[in-house]
Amino acid sequence: MPNPSGPDPGPWFRRFRGRALLGLAGFAALYLLLALKLVDATVIAPIKPSEAVLAAQRPDFRTLLSAPDRAPILDRNGRLLAVSLPGAALFADPKEISHPRRDAARLETVLPMLDQAEIAHRLGLRPYGFVYLDRDLTAAQELAVNRLGIPGVYFQHIWVRHYPEGDLAAHVLGGVTPDQRGIAGVEDYFNRRLIGQPTQPLHLSIDLRVEDIVHREVARAMADYKARGACGIVESMTGRIVAMVSLPDYNANDLHDAPTDTLFDRCISGDYEPGSVMKLMTMPAALQSRLVSYWDRFDTTHPLFVDGFSVTDYEPVHYWLAMPAVLAFSSNIGASRIATIMGPKIQRAWLRKMGFFKPSPVQMPGVQPPIWHPKDTWKLLTTMTVSFGNGIAMAPLILVNAVVADVNGGVLYKPTLLARAPGAPPRTGIRVMRRHVSVIMRKLMRGVVLSGTGIYARVPGYLVGGKTGTSQVVAPDGRYRNHLNNSSFMAMFPADHPRYVVYVLVVHPKPTRKMQHFSYGFTTGGYVAAPAVGRIIARIGPMLGIAPIEGAARKAMNAKFGIPLKPAVPPGRRALGPGHPFPPGANRYAYELADQPPPRHPDRAAAAAALHRVELAVPGQMIRRDRSARAATMASAILKK
């Protein structure tokens, strides 16, 4: 009968099964122990990672960028003029490029502004390990190039200078090189400051709002008369430049592609004869010397002939004019009479003190020195022509800065493009004339707008004073070109308490059909530049917090703040005029111009005293009391002479 349990497996099988069961029991115990340990480590008593480990594994959603390489530039109100933003440059390692032409063609598909032949040439420069392909990629361009996946082409993260306002204040700002170094404007002048303190903004005195208005109105005048160029400047009474425009200009973001003519800054680098605006220097010099008073009259009845040249008036009169009428009618003959009474020594001393013999100290590269006659050739004719703005040339900013001293009370400040720092003390300048002389000049300039050549600069609600200027253009051969001139107008407002000086120069204006009904074919300063200045004042006045006055208040102010064209002679004073044309101390040139022999015994003391008064320059707005008592007493005595 068979065995129901089957054949006996044998002893080896029993040993194997025992060992297998033992192994399984061991693995089960090991896994149970591991499971208990995991429960203990993760549930019962979890082991927390260190803070350093957590910080390393925690995602950081902040964008941490390195500090920019240049400080931003702001206007006086904190508006952004220039800023550095993250960008990308495209470069390649030619040693890793296998197919330069093919890769250049691929790059051109996403960067069409690149020159394919030039890029292929750069990619083929095997000896070089680094070549730039483009240094100003946008984010979209960077992504497009990255998608091409060209081996050997890489990106370099850089800072790129941006000018949000484009062409506004372009000449003031200047520009930078591809490696972000200043090459023009304040970017160049303050290059060390902008790089050395990249987190500290540079605040300029420029007001972007005023800059925009001046830009628009100067461009309008330039277009109306199809002029070659133009310049507009607004300066405060302490020498801070609020706006400075030179046209044609350029987009500061595209400095390197700008036409050459647009890079020329006509406000600081162009030397122009000022024309009759220069009478604003002749008059205060004469008043400061005390050789002439504003009620004196001068012979303007006929042209003047000297050394084969003639001096005439645009609108001649045939009677003797007082100083207010000389300025209002812009009489070159009258200015010549006044200048020859002073003589060349006093004239040169005044111009030197007012900054006409040196470049402007404004914080800009490219300032040019004025052009003037040397001392040994500064004779009678030069003395006459310089008095009405011929025979001397300077950058417009030099002229504007000197006129500021004319009307601000007699203090000459260095022009500046820097805004006043919070808490900084007021600026100090050099007193160059008596305050009384400055007040007279404001009244004389007011008369030019009320009843003289500057009537088109009138602005409803504002007391504007000014002076027109029309100068012929000197050709390369040294001769004046007929039918070609520069037109300008210098204004200050409000005349009773000036806050700003506004100047517009239009270079080579031409008669146009568009302006025929207004200017009748004339291109003088009164027709071309004066209306532009009037429009500027009308727009920037309220913006700068200068409220207009109307009605009875305006009439009263006009009556109070002005000098008649034929002023009365004060009691007890004898005015210059017919029968008494020369004061004591008058220069011999005045007698020569009148075809009269000079006195055998000239009053040298009076002439020396006049020169001393003109040369006077006192540091600060007033004589400082911290000097020695003797020095203060002497200075006070000088001012009272």
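A residue is called exposed here when its relative accessible area is over 50%, and buried when that area is under 20%. The structure discussed below is a predicted model.

**Positive phi outside glycine**

By that cut-off D307 is exposed, because its relative accessible area is 66%. D307 sits in the loop that links β11 (304-306) with β12 (309-311), and although D307 is a residue other than glycine, its phi is positive, near 50°. K226 also has a positive phi, of about 45°, without being a glycine. The loop that holds K226 runs between α9 (208-224) and β8 (229-236), and K226 counts as exposed because its relative accessible area is 59%.

**Cis peptide bonds**

Two proline residues, each in a loop, deserve attention when the backbone is inspected, and the table sets out the bond that precedes each of them together with its place in the chain.

| Peptide bond | Omega | Loop that holds the proline |
|---|---|---|
| L247 to P248, cis | near 0° | between β9 (241-247) and α10 (260-263) |
| F493 to P494, cis | near -20° | between β17 (480-493) and β18 (500-507) |

**The β8 and β9 hairpin**

The strand β9 (241-247), which comes before the loop of P248, is paired with β8 in an antiparallel arrangement that is joined by six bridges. Within this pairing, V234 stands opposite A243 of β9. The two strands, β8 and β9, form a hairpin with four residues between them, and in the turn G239 has a positive phi of about 85°. How many of the seven residues of β9 are buried? Seven of the seven are buried, so β9 is largely enclosed by the rest of the structure.

**Cysteines**

Two cysteines can be placed on the same scale of accessibility: C231 is buried, because its relative accessible area is 0% and therefore under the 20% limit, and C267 is likewise buried, with a relative accessible area of 0%. How many disulfides does the model contain when a disulfide is taken as a pair of cysteine sulfur atoms within 2.5 Å? By this rule the count is zero.

**Reading the parts together**

The backbone features above fall in loops: K226 lies between α9 and β8, D307 between β11 and β12, P248 between β9 and α10, and P494 between β17 and β18. K226 is exposed at 59% relative accessible area and D307 is exposed at 66%, whereas the residues of β9 are buried, seven of seven.

Methods
Residues numbered from 1 in each chain as written. Predicted model: local features only at pLDDT ≥ 70, side-chain atom pairs only at ≥ 80, totals over all residues. Heavy atoms only, no water. Buried < 20%, exposed > 50% of the residue type's maximum accessible area, 1.4 Å probe, protein only. Disulfide = S-S within 2.5 Å. Pairing = 2+ DSSP bridges.
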